[in-house]
Amino acid sequence: MCMDRCILSKPLNIFNILLCFLIMSPDKGLTSEEAEKRLEKYGLNELESGEETTPLDVLLDQFKENILIWILMFAAIASAYAGEWAEFVFVVTIIVVVAVMGFIQEWKAEKAMQELQKMAAPSVDVYRDGKVKEVSSEKIVPGDVVKLEMGSKVPADAEVTQSNNLKVDESILTGESEAVTKHDKDEIFSGTVVSRGRCEAEVTKTGMETKLGEIAGELQEETMDTPLQRKTKDLARKIGYLAVIVAVILFSIGMLAGEDPDMITTVTIAVAVAVVPEALPLTMTVTLSLGMKGLAKQNALVKKMLAVEGLGSTTVICTDKTGTLTKNEMTVKRIYSGGKGYKVTGSGYSSDGQILEDDEPVETENRDSLDLLIKAGALCNNAVVQFEGDEEEVHGEPTEASLVTLAEKAGYNSEDLRERYEREEEILFTSDRKRMTTIHEDPDRDGSTAFMKGAPEIVVERCNHYLENGNIKELTEEKREEILEKNKAYAQEAMRVLAFAYREDSPVSPESEKVEKEMTFLGLTGIIDPPREEVPEAIRRCKRAGIQVKMVTGDNQDTARAIAETIELSDDPRVITGDEMDDMSVEELSEVIEDVDIYARTHPKNKSQIVKALQDHGEIVAMTGDGVNDAPAVNHADIGIGMGIKGTDVTKEASDMILQDDNFGTIEKAISGGRKIYDNIEKFVTFLLSRNFTEVILIASILAIIGDFKWLPLGAMQILFLNMIGQTGPGMGLGVDPPDEGIMDRPPRDPNRELLNQRNLFMISAMALTMVLMAATAFYYGWRRDNIELARTMAFTSIAVMIIINAYNFRSLEKTIGQFNPFKNKWIILASLITIPLVLLTLYYPPLMELFGTVRLGTREWMIAGGSGLATLMLLEVVKRITKALDL
C-alpha cells in the first residue's frame, strides 16, 4: 500500500523511493502480542473525563444546589408530623415541580453537550507485526510506530523517527497560528495536526500522561460556585435562620404561656411556612430555565442553570486571539510587486475578494510581475482548499492556503495551474533554509521554471534581477533596501511577510546550489490572521457596558498589538508577555493586572494566573477559549465560555457556556440576557419577600396584641395559597419581564452587591409594613365581629389583592409607574387572569372554602380589600422616589 502511494505521488525522486523502502521495513513497531501487554499496563489512550453524567445525576443536582428546596422539605416533614396532610401534599407538589423543571432544562443542555462532543474514535496507521495496520487511536500504546500524513491528527505524544517536510499545527496547545517545523528526534504532541509533509513517529506517552492529558488533569480540581449560586445560598441561609428563630421564639412563648400543644404546633408550622417563600425556588427555576432557552436560540448553550445570571455580572472578558477574536484563517492583505503596492479584500479562505490598486480593481494578467507572483504562490505550494457550498476545507498549512485563495481571487484555479505547470522537483522548506523551491514544466516555453518563496531577506539574497513593467532589471543595492523597507513596514503591521522569485530555464535538480541562484525577484505578500468581522462592534458594546476585554494569546506581542488596534481593543494597548509574568511575584502581577490589555506569548498556566489575579481584585471573570490551552483558565473563571465548532472536547467540558456559532458577538447578547435575568431576579425576590415578611410580621403583631393563639390571622393553607398560587404567577411574570432600555449602556453592578442590598431591603421593609397595616385593618374588621373565619378571610383577601395589583408596579424597582408601561408584560396580565378566579374559588366554592377556612365576602368587604391594594400601590411610588433620593 505504501509503495503504491509513493509510485503515484509527485515528484518521484530518490528520496521518496528510499523513504518508501524504509517505511516497509519489517523491523518497525511492536508485535500484536506485545501491544496487548502494553495496553493492559498503560490503559486506553484516552483522556479521563470523569463518570458519564446520567439523568439521575442531573436530578440529584437539583437538590444539592438548591437550599430553598431543603427548607421546603423541612416544612413538609413538619406538616406531616402535625397531621396536616393537605399542607404536606401541597408542599411536596411544589418540591416536585421545582426539581422536575430544573431537571428538564439541565438534561437538555447535557444532551446537547454530548451531541457536541460525539466523535468517533479516529483510526491511525500503525506498524504491528512488521506490517502497516489501521488501529483505533485509543488502542495506541507506548512503543508503537505510527505513520502520519498531511491532515493526520497526532494520536499521542511521540518522537519523530523519519520525516519529510514535516510541519505540525500546535495551536490547540500553544495558541500560535503558525505551524511548527519538525525534524527527526523532535517531539510531537497528542491532539496536534500534521499540516504539511509526512512522518513516522514512535509513541512515548498516551492518555493522561500526554501534554494534553496534563492540561486535562488540571480540570479535575473543584470548580467555583457561580455568583448567583453564592448569593442564592446566602439568601437561603438567611431565610432558613429566620424561619428557625421565629418558630423557636413562638413555640417557646406558647409553651411558657400554657397554650394547647396542638395549637402551638399549628401556629409554629404556619409561621415557618410564612417565612419560607415557597414560590421563590419555582420562580427562580422558571426564570433561569426560560433564560437558558432564550440564550440557546441565540447560539449560547448554557450547561448549568445558575450560570446564566453570572453572565450578567461579568466585569472582565479574557479572550484568546486565535480562532476567537480572529478567524484562524490566514489571509493575504497586501502585495508589493513591480514597485507598486496592492490591497487584497476579503477574509479567510473564501474566494470572495479583489486585488486593488488605489482602491480600483486590477486585471492581474496586465501586470506581469503581479501575475507571476500569484502563480508562484499557488505553484510553490502544497496546500489544498476545497469548496463545498459555503464551506471551505483546508488541507495543509494555513499560510499556503492563503496563497491558494489569493490565486482564486485573481481568477485562477490552483488545481488547473498545477496541472498546466506540472511539478518536476521540490526543494523542501526547513527552518534553517527558510525557503522552499519547486521546479515546473513551463508550458509557454521549452525548459523548466523554478519558483521560490520564503523569508524576504533570504530570497532577496538569491536574486540578482527583479521584474517590473514586463522588464527584467538589475537588482541594485538601492532596490534591495527598498524591498527590505517594505518588508519591515508590513511586519510592523503584524503581517507575516513572504517573498517570491523565479528562474527561467532552471535545471531540474534537488540540489539547492544548482537551482536557487541568479533568480528574479517578483515581490512580497503580507499575510495576517484576520479578525472576525463582528468583533469590533462587539467590543464597543462591551466597553459601553463597562466590561473590560483582555486578549490572552500565545502569539508574539507585535502581532497581538496590531490585531488589538484593528479590533479597537485599545488605542494604545499595554502588553506584557508570559515570560515577564513568570518573573513577577503574585503581588507584582496584582499591581499591573487591571491595566494590561494584552497578555502575549502566554502558557496555559499564565492564563489561570491571570484569571485568579483578576478575581482577587473582585472582578467577575469570563474566559473564552477553544483550544486545550484555554481549558484550565476556562475552568477557573467565574464564567467559562467554550467554542462549539472549533472548540476541543476538553474545553467544552470545562466551560459553563458554549458558543455554538463560535461568534464573539454572541457573548454580548448573552451578557445582555444575563443582565436582564438578574434584574428580573431582583424584581421577583423583592416582590416575594416583601409579601412573606408581611405574613410573618402580621402573625407576630396580631398574636402579640391579642395574646391569644387561637386568633392566628392566617391559616397554614391560606399562607400556602398566598405563597405558592397567589404570588407564583405574578412572580414568574416578573421573572420573564422584558429588559429595560439601555440595559447595556450601564456599568456592571458591583460583584459584591447582594440580592438583599440596601435599596431592596428598604423596599421590602417599607412594603411589608404597609401591607401589614392594610391586612391588620382588614383582620380587625372581622375581629370586631368576633368572627375568626371572617377576620382571616379579610386578611387573606386583602393580601391577595395587594399581590395582584403591586405585581405591575414591581416591573421596575427604580422608575415610577408613570415612567414605564405597567401593562407591557403579557405574562403578568395572564397571571392576574388566572390568579383572580382562583382566589374567588377559595371564597365562593364550598369544598375549597372548607379546605382554606374562608367565608363569603360582600361589597363592603371587597371595598376594604380593594382599598388595601390601591394604598400599597401609591406607597410603592413614594418608596421608589425615596430610594432614588437617598441613592440606595
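R691 and E695 meet side chain to side chain in a salt bridge, at 2.4 Å from N to O. Both residues sit in helix α27 (residues 664–706), four residues apart, or about one turn of the helix. Both are also buried. Keep in mind that this is a predicted model. The R691–E695 pair belongs to a structure that holds 40 salt bridges, and the notes below pick out a few of them, then move on to a cavity, the strands and some loop residues.

**Salt bridges across the chain**

- D144 pairs up with R128, and their closest N and O atoms are 2.7 Å apart.
- That contact links distant parts of the chain, 16 residues apart: D144 is in the loop between β2 (131–136) and β3 (145–149), while R128 belongs to strand β1 (residues 123–128).
- Neither end of this bridge has much solvent access: D144 has a relative accessible area of 0%, so it is buried, and R128 counts as buried because its value is 10%, with the cut-off for buried set at under 20%.
- E400 and K453 form another salt bridge, again with 2.7 Å between the closest N and O atoms.
- Since E400 lies in helix α15 and K453 in strand β18, the pair ties together parts that are 53 residues apart in sequence.
- E400 is buried at 2% relative accessible area, and K453 counts as buried at 7%.

**A charged network**

- Which residues do salt bridges with shared partners join into one network? They are K167, R196, E397, E400, R423, E426, K453 and R496.
- The E400–K453 bridge described above has both of its residues in this network.

**The second largest cavity**

- A search of the whole structure turns up five cavities of 30 Å³ or more.
- The second largest cavity holds about 80 Å³ of space.
- Its lining is made up of K167, R196, E397, T399, E400, F429, M436, K453, G454, R496 and L498.
- Three elements each give two or more residues to that lining: α15 (398–409), β18 (448–454) and β21 (496–504).
- How do the lining residues divide into nonpolar, polar and charged? Six are charged, three are nonpolar and two are polar.
- Among the lining residues are K167, R196, E397, E400, K453 and R496, and these names also turn up in the salt-bridge network.

**The eight-stranded sheet**

- Eight strands make an open sheet with mixed pairing, in the order β8-β28-β27-β26-β9-β23-β25-β24.
- β8 (300–302) and β24 (575–577) are the edge strands, each with a single partner, so one side of each has no neighbour in the sheet.
- From one strand to the next, the twist averages 20°.
- Inside the sheet, β9 (residues 316–319) and β23 (residues 548–552) pair in the parallel sense over four bridges.
- One spot to look at in that pairing is C318, which stands opposite K550 in β23.

**Strands β10, β11 and β12**

- β10 (residues 331–337) and β11 (residues 340–344) run antiparallel and are joined by four bridges.
- Y336 has G341 as its bridge partner in β11.
- The hairpin of β10 and β11 has two residues between the strands, and G338 takes a positive phi there, near 60°.
- β11 is also joined to β12 (residues 355–357), by two bridges, and these strands run antiparallel.
- In that second pairing, V344 has I355 in β12 as its bridge partner.

**Loop residues worth a look**

- N299, in the loop between α11 (279–297) and β8, has a phi near 75°, a positive value in a residue other than glycine.
- At 32% relative accessibility, N299 counts as partly exposed.
- D786, found in the loop between α29 and α30, also has a positive phi, about 55°, although it is not a glycine.
- Is D786 buried or exposed? D786 is exposed, with a relative accessible area of 62%.
- N787 lies in the loop between α29 (758–783) and α30 (788–809) and counts as partly exposed at 27% relative accessibility.
- The C-alpha atoms of N787 and W711 are separated by 9.7 Å, with their positions 76 residues apart along the chain.

Note on methods. Residues are numbered from 1 along each chain as its sequence is written. This is a predicted model: local features need pLDDT of at least 70, side-chain atom pairs count only at pLDDT 80 or more; totals for chains, interfaces and linings use all residues. Side-chain values use heavy atoms; hydrogens and water are left out. On a 1 Å grid over the protein atoms alone, a cavity is a set of points where a 1.4 Å probe fits but cannot get out, and a pocket is an open set with protein on both sides within 12 Å along at least five of seven lines; lining residues have an atom within 4 Å of a point. Grid points are joined across faces, edges and corners, and a volume is the space filled by probe spheres set on the points. Ala, Val, Leu, Ile, Met, Phe, Trp, Tyr, Cys and Pro count as nonpolar, Asp, Glu, Lys and Arg as charged, and the others, Gly among them, as polar. A salt bridge is a side-chain nitrogen of Lys or Arg within 4 Å of a carboxyl oxygen of Asp or Glu. Buried means under 20% relative accessible area, exposed over 50%, partly exposed in between (1.4 Å probe, protein chains only). Two strands pair if DSSP finds at least two bridges between them. Axes are lines fitted to C-alpha atoms, for helices over the stretch in contact, and angles run from 0 to 180 degrees between N-to-C directions.
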